[in-house]
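Me: Please take a close look at the internal cavities of this protein. I would like to know what lines them and which parts of the fold supply the walls.

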Amino acid sequence: MSEVPGEGADFFGRIPLFREFARLMATGSGPVNWELARQVAVATAAGADTLGMTPQLPSPAAAPEPGQARAWDDRLRLAELWVDPATSLPGAGVALAARPLSRPDWAESVLPGFAPLVEPGARRMTEALGSDAATGLPGAGDMVGRLGGLLAGLQAGTLVGQLARSVLGQYELAMPPGDPARVLVVPENVSAFEQASGLPSDQLRLWLACHEVAGQRLFAGVGWLRDHLHGVVDDIARETDPDASGLMDRLQALDVGGGPEALQELLEGGEGLLGPPSAALQAAIGRLEVLLALTAGYAVVIAGRALDGRLPALEAIETAVRRRLADPHGPHGLFAQLLRADPERAAAARGERFCREVLAATDIDGLDRVWAHPDFLPNAEELSVPGRWLERVGLVGGEEVDLDEGLRALLEGEERPPGQEGGQQPPPA
């Protein structure tokens with residue numbers, strides 16, 4: 001892959017969607033048409049605003065200097081040294097290496113990692129459509145399945161392409177890495193963020209390196225996190241009850257000759273076709289929102305701990321990062337929406353507040369107990385009221401414990417309520 005697309009880059013060799021839509025319709029299979037997703041992701045990352053239009057190629061840019069990857073490698077090595085005392089999570093035992101990528105190349109590189117996050121919901125939708133279509137003409141179920149795969153591929157590809165235009169690094173999204181030793185960076189987006197925020201380049205890049213190392217400790221180092229994330233996504237898909245008849249009505253009205261634009265119109269208002277959320281579905285989505293908020297907030301807190309006293313602009317960087325994370329159209333918000341989580345309830349600010357309040361009441365070992373086992377994850381109520389999580393896991397006792405009082409008790413050595421000394425006990429089932 002090219003590092004940065006330059007003048008004359010053959011994007012149409014990589015985006016045959018605009019002239020081969022019929023072939024995609026005839027050959028696509030599975031719950032997600034990943035070939036369509038790839039083409040749409042590359043087109044969107046390259047500058048296509050709407051499907052069916054010629055993507056606006058980026059302004060010609062020189063290839064990155066040979067020393068750019070080495071500069072990021074140096075930052076990552078320094079970040080590992082600083083992050084080590086800031087968290088009790090161990091390193092993955094591999095030497096981290098940066099991989100600077102262009103926006104289209106980033107989209108292609110990360111797309112396979114979206115399969116476990118997108119396919120369960122798409123498969124549930126396809127099953128519902130196929131069952132409804134089975135009552136109609138012979139062979140209708142297969143055609144409807146292919147249309148469903150195109151729809152899911154279009155949605156996934158569009159979002160990944162949008163993410164490619166703003167994401168900074170590998171671990172800005174709550175996605176387990178394909179290669180734990182590689183840290184993907186999009187220099188074009190990093191530069192754009194620096195210019196828009198007015199932050200000093202060298203300091204922001206050191207912060208980003210520490211953030212990526214903290215994220216790597218989580219998603220490559222916490223052994224159960226990948227399976228737990230995928231399991232929650234599976235739960236959401238299983239509890240979804242699609243409005244198959246409504247979807248069938250819209251699919252039957254689809255103008256296949258209209259090409260990608262027709263599918264774009266079909267996507268509009270699609271959320272209303274998922275059916276009313278049950279209590280089980282709401283609970284599953286709530287678990288996902290906690291996970292997204294906590295992982296994002298934790299990485300921000302650990303980067304801040306690692307850089308405290310080292311970066312003069314740390315406060316300004318964290319302020320700009322918080323604004324970015326709170327933007328529902330930013331990478332964190334778009335990713336949450338793809339997984340059907342509410343961006344506000346999945347906001348990094350909720351996870352950051354939880355981490356900071358737990359640290360104020362205990363220490364980093366106490367906070368990192370949250371990653372010891374899935375049972376130690378806070379629920380939605382505990383994420384908002386960290387004192388209840390502290391009590392449940394045995395770090396602070398007493399039903400009405402206030403965090404400030406708990407901190408004073410620890411510092412002054414006040415007598416603890418009975419049973420509090422057993423801090424290593426697992427949470428109740």
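Reply: What follows covers the overall fold, then the cavities, then one residue that packs against a stretch of the chain involved in them.

Keep in mind that this is a predicted model.

Start with the setting. The protein has 20 helices and two strands. Of its 429 residues, 52% are buried. Consider contacts between residues at least 6 apart in sequence: 79% of them join residues at least 24 apart. The accessible surface comes to about 19,100 Å². Carbon and sulfur atoms account for 52% of that surface.

Now the cavities. How many cavities of 30 Å³ or more are there? The count is two.

Take the largest cavity. Its volume is about 190 Å³. Its lining has 21 residues. Nearest the centre lie Tyr 171, Glu 172, Leu 173, His 211 and Leu 325. Four elements each give two or more residues to this lining: α9 (201-219), α13 (279-307), α14 (314-326) and α15 (331-338). By class, the lining of the largest cavity holds 14 nonpolar residues, four polar and three charged. Glu 172, one of the residues nearest the centre, belongs to the charged class.

The second largest cavity has a volume of about 40 Å³. Its lining consists of Leu 168, Val 190, Phe 193, Leu 204, Trp 207, Leu 208 and Val 321. Here the classes read seven nonpolar, no polar and no charged. Two helices, α8 (187-197) and α9, each supply at least two of these residues. The biggest share comes from α9, with three residues. So α9 appears in both linings: it gives two or more residues to the largest cavity, and three to the second largest, where a lining residue is one with an atom within 4 Å of a cavity point.

One more residue is worth a look. Arg 75 sits in helix α4 (residues 67-83). Is Arg 75 buried or exposed? Arg 75 counts as buried, because its relative accessibility is 18% and the cut-off for buried is under 20%. What does Arg 75 touch, leaving aside residues up to four places away in sequence? The partners are Arg 205, Leu 206 and Ala 209. Arg 75 and Cys 210 are 135 residues apart along the chain, yet their C-alpha atoms are separated by 8.2 Å.

Key
Residues numbered from 1 in each chain as written. Predicted model: local features only at pLDDT ≥ 70, side-chain atom pairs only at ≥ 80, totals over all residues. Heavy atoms only, no water. 1 Å grid on protein atoms, 1.4 Å probe; cavity = no way out; pocket = protein on both sides within 12 Å on 5 of 7 lines; lining within 4 Å. Points joined across faces, edges and corners; volume = space filled by probe spheres on them. Buried < 20%, exposed > 50% of the residue type's maximum accessible area, 1.4 Å probe, protein only. Contact = heavy atoms within 4.5 Å. Areas by Shrake-Rupley, 256 points an atom, 1.4 Å probe, with all protein chains shown as cover.
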